[in-house]
Amino acid sequence: MDVGIFGNTGSGKSTLFRSLSGAASVSAQGKSAGVCAIKVPDERVDRMAEIFRPKKVTYISMAFHDIDAGETDLLSPQALTQLRDVEVLAAVVRAFADDYHPAPPGGLDPAAEFRELSSAIVLSDYLVAQKRIERMTKEAKRDAEWTALHKAIAAFEREIPLRNVDLSVEEERVLSGSRFVSRLPTLLVLNVGEGVGAGEMYPDVTEEAEKAKVPLVRLCAKVEEEIAQLSPAEQADFLKEMGIARSARDQLVRGAFEATRYISFLTVGEDEVRAWNVREGSTAPTAAGKVHSDMEKGFIRAEVISSDDLLRCGSMAKAKTEGKLRLEGKEYIVKDGEIVHVRFNV
Ligand SMILES: Nc1nc2c(ncn2[C@@H]2O[C@H](COP(=O)(O)OP(=O)(O)OP(=O)(O)O)[C@@H](O)[C@H]2O)c(=O)[nH]1
Ligand SMILES: [Mg+2]
């Protein structure tokens, strides 16, 4: 899963990026666009690895992209190119000020900042849609895309991002070529100053996130960057000391899953224990297709068990005798944390 860290210049994108990559390898000025991949920590995978002792353990991978904010245009051609590879948007807004970064004349207003980011995205999409329609008009094309584009434009005119528009699968398909940025599931990242109490609320930002239907993540990029330099053991202590319930990394992982409505399922065995992500509501064959396209095509049945049940039983054999292993068909909806073994033929 690829997450784009997006926002105004000086909002703390690169600082946050460095806290996620935990590396000083990214240039300190933060101007050079960076990409870093992390393994999504998953305790279920760890526990399964203890049971199966596989040759290989594979976690879900999440990549963070530090999107360059142009001086004048947030959605510069360069930023748009970077955003092409992204599946989720983490929109960073500024709620910190210090001697080196004084608050702007009107004061800090992170809720307004998020509204402005959203408007800029919708405007950029609006222009893309207009251009596309002009082209199609010249070519006298009036197909499903043409109709869907008008639906999109009607939404943009009312400042509604595409992700909040009800689209059919067909409409989504014909619009996908335009790569609208507002289609991306988004989370609002509130970058607060150090020393801001964990309980301190920003009611207008909370309200803004609710209105926009996006998960809200609150962190202090500067503190997180310092924490990232520590050893894992020290990190846990430091987080506790600072009263931080979850690290920036954990919060962004959770937020990204929530915004995209992804869940994870596991495959287990002596060769590999592995976590996979799939959209909430996916059927067993769709999940199987994530592992291998042959498994989807030749899907017969899936053996399914929850990781909790398997942990309680301690082995697949015991789970079988206790009747915890279920045989599910094509219509079965896979749930978060389930272990899925696909029977298929090709
Ligand atoms: N006090 C404080 N300073 C911060 C915080 N987050 C970022 N900064 C500082 O704000 C400045 C800008 O942060 P960057 O991470 O470079 O911001 P950016 O969004 O990458 O900016 P551009 O790359 O110019 O778009 C740096 O000097 C950071 O150290 C924070 O939570 N608290
Ligand atoms: Mg930067």
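**Exercise 1. Determine which residues V189 contacts beyond its sequence neighbours, and place V189 in its nonpolar core**.

*Solution.* Step 1. Contact denotes heavy atoms within 4.5 Å. Once neighbours within four places in sequence are set aside, the partners of V189 are L16, A90, A91, V92, V93, V217, L219 and L252.

Step 2. The structure is a predicted model, in which local features need pLDDT of at least 70, side-chain atom pairs count only at pLDDT 80 or more, and totals for chains, interfaces and linings use all residues. Residues are numbered from 1 along each chain as its sequence is written, chains are lettered from A and ligands numbered from 1 in the order in which they are written, and side-chain values use heavy atoms, with hydrogens and water left out.

Step 3. A nonpolar core is a set of buried Ala, Val, Leu, Ile, Met, Phe, Trp, Tyr and Cys residues joined through side-chain atoms within 4.5 Å. Buried means under 20% relative accessible area, exposed over 50%, and partly exposed in between (1.4 Å probe, protein chains only). The largest such core has 39 residues, and V189 is among those touching the most other members, together with L16, M62, F64, L187, L252 and F257.

Step 4. Helix α10 (residues 248-260) supplies the largest share of this core, 6 residues. Helices (H or I, at least four residues) and strands (E, at least two) are DSSP runs, numbered from the N terminus. Because domain 1 (2-259) and domain 2 (281-344) both contribute residues, the core lies between them; the domain bounds come from an automatic or database domain assignment.

**Exercise 2. Describe the environment of I5**.

*Solution.* Step 1. I5 belongs to strand β1 (residues 2-7). Its relative accessible area is 0%, so I5 is buried.

Step 2. Residues up to four places away in sequence are not counted; I5 then touches K13, L16, F17, L20, F64, H65, D66, I67, A90 and V92.

Step 3. K13, L16, F17 and L20 are among the buried residues of α1. In helix α1 (residues 13-21), 9 of 9 residues are buried. Just after α1, G22 adopts a positive phi of about 60°.

**Exercise 3. Characterise the packing of α4 on α5**.

*Solution.* Step 1. The axes of α4 (residues 110-138) and α5 (residues 144-157) come within 10 Å and cross at roughly 150°. Axes are lines fitted to C-alpha atoms, for helices over the stretch in contact, with angles from 0 to 180 degrees between N-to-C directions.

Step 2. α4 is therefore roughly antiparallel to α5 (angles over 145 degrees count as roughly antiparallel, under 35 as roughly parallel, 65 to 115 as roughly perpendicular and the rest as oblique).

Step 3. Contributors to the contact include V122, Y126 and I133 of α4 and W146, L149 and F156 of α5.
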